[in-house]
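Reader: I'm new to this one. Could you show it to me and then let me quiz you on the wording?

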Amino acid sequence: KGGYKGTVIMVPLKVHEANSARDALAKSLYSRLFDYIVMRINQSIPFQSSNYYIGVLDIAGFEYFTVNSFEQFCINYCNEKLQQFFNQRILKDEQELYKKEGLGVKNVSFVDNQDCIDLVETKGTGIFSLLDEESKLPKPNSQHFTTAVQTNNSKHFRLALPRKSKLKEHREIRDEDGFLIRHFAGAVCYTTKHFIDKNNDALHASLEMVAQECKNQFMELLFRQGGGSQRSGKLTFDSVGNKFMKQLSELMLKLNTTGTNFV
């Protein structure tokens with residue numbers, strides 16, 4: 001501890017800590033490379049600005065497997081948001097237009113899934129929020145996180161224990177190892193064992209500094225463009241779930257301000 005400013009202090013890591021640091025670097029490299037490719041594609045389009053454009057959204061398919069982890073949870077949450085947009089834009093708005101124009105069209109009823117969305121994204125008690133809180137603990141534990149989700153939402157209609165599943169494999173999951181969510185497309189049982197690891201996207205500043213000093217010019221470029229706002233030796237926690245929720249919110253805002261056609 002201590003030392004003059006700029007002094008390099010070697011801190012040995014435990015095996016699981018080194019593995020986490022390695023995985024964080026790999027995820028950061030993948031993310032920066034993806035952003036770089038998108039940026040270069042945008043640069044190749046010979047227009048500085050446009051008032052009219054066509055955007056194509058490939059809606060992710062609803063996922064339901066024997067083992068459903070963090071990836072399926074994010075995809076199905078995305079589908080809940082898109083289904084709500086579809087309900088509003090096609091079913092509710094269109095029916096109001098038909099009624100206004102005096103068309104004798106039979107009313108189509110639909111279930112509002114806002115409660116399912118709230119279960120995922122509500123601050124404090126929502127699944128993403130509880131996952132972030134667990135990830136910040138000195139010793140995060142998936143079973144503790146699962147119990148927190150069930151305790152904070154014990155009376156929520158959309159949430160149930162794995163034993164409520166129709167699949168035998170899911171009914172054998174212990175209460176503290178998963179939870180079941182009643183989505184608009186059907187109930188899905190999630191196994192939470194790897195939720196914390198997959199949600200953690202923290203990159204240690206020392207690794208970022210190493211990448212910025214890399215002799216490979218392209219690697220150095222990717223990490224130089226990424227900033228360097230972290231204080232030396234510190235972890236900046238910006239979870240995968242939080243970033244996913246923000247990006248999805250930006251997408252929904254764009255969809256709500258544009259004309260939409262469904263194929």
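Reader: What pattern does the protein chain follow, read along the sequence?

Author: It goes α-α-α-α-α-β-α-β-β-α-α-α-α. In total the chain has 10 helices and three strands, taken as DSSP runs numbered from the N terminus, with at least four residues (H or I) for helices and at least two (E) for strands. A word on the source: this is a predicted model, where local features need pLDDT of at least 70 and side-chain atom pairs count only at pLDDT 80 or more, while totals for chains, interfaces and linings use all residues. Residues are numbered from 1 along each chain as its sequence is written, and side-chain values use heavy atoms, leaving out hydrogens and water.

Reader: Why is Lys81 called buried?

Author: Buried means under 20% relative accessible area, exposed means over 50%, and partly exposed is in between (1.4 Å probe, protein chains only). Lys81 has a relative accessible area of 14%, so it counts as buried. Across the protein chain, 30% of the 263 residues are buried.

Reader: What makes Lys81 and Glu121 a salt bridge?

Author: The rule asks for a side-chain nitrogen of Lys or Arg within 4 Å of a carboxyl oxygen of Asp or Glu. Here the N to O distance is 3.6 Å, so the pair passes that test. Lys81 sits in helix 2 (residues 70-100) and Glu121 in helix 3 (residues 114-121), so the bridge ties together parts 40 residues apart in sequence. Glu121 is partly exposed, at 25% relative accessibility.

Reader: How do you know that Arg163 and Asp175 form a salt bridge?

Author: Their side chains meet at 2.4 Å, N to O, so the cut-off is met here too. Arg163 is in the loop between strand 1 (159-160) and helix 6 (168-171), and Asp175 is in the loop between helix 6 and strand 2 (178-183), so this pair links parts 12 residues apart in sequence. Arg163 is partly exposed at 46% relative accessibility, and Asp175 is partly exposed at 24%. The structure holds eight salt bridges.

Reader: Which residues are linked in a network of salt bridges?

Author: Those are Arg174, Glu176 and Asp177. Within that group, the side chains of Glu176 and Arg174 meet at 3.8 Å, N to O. Glu176 counts as partly exposed at 27% relative accessibility, and so does Arg174 at 49%.

Reader: What makes Phe218 fit for a nonpolar patch on the surface?

Author: Patches take residues with over 30% relative accessible area and no salt bridge, joining nonpolar side chains (Val, Leu, Ile, Met, Phe, Trp, Tyr) within 5 Å and like charges within 9 Å. Phe218 has a relative accessible area of 36%, so it clears the area cut-off. It lies in helix 9 (residues 217-225). The other members are Leu33, Ile37, Ile41, Ile45 and Phe47, and the patch has about 570 Å² of accessible area together, by the Shrake-Rupley method with a 1.4 Å probe, where for residues only the protein chains shown count as cover. Helix 1 (residues 15-44) gives the most, with three residues.

Reader: Which residues make the contact between helix 4 and helix 5?

Author: First, the axes of helix 4 (residues 127-135) and helix 5 (residues 142-152) come within 10 Å and cross at roughly 145°. The contact (heavy atoms within 4.5 Å) is made by Ile127, Leu130, Leu131 and Glu134 of helix 4 with His144, Phe145, Ala148, Val149 and Asn152 of helix 5. The axes are lines fitted to C-alpha atoms over the stretch in contact, with angles running from 0 to 180 degrees between N-to-C directions.
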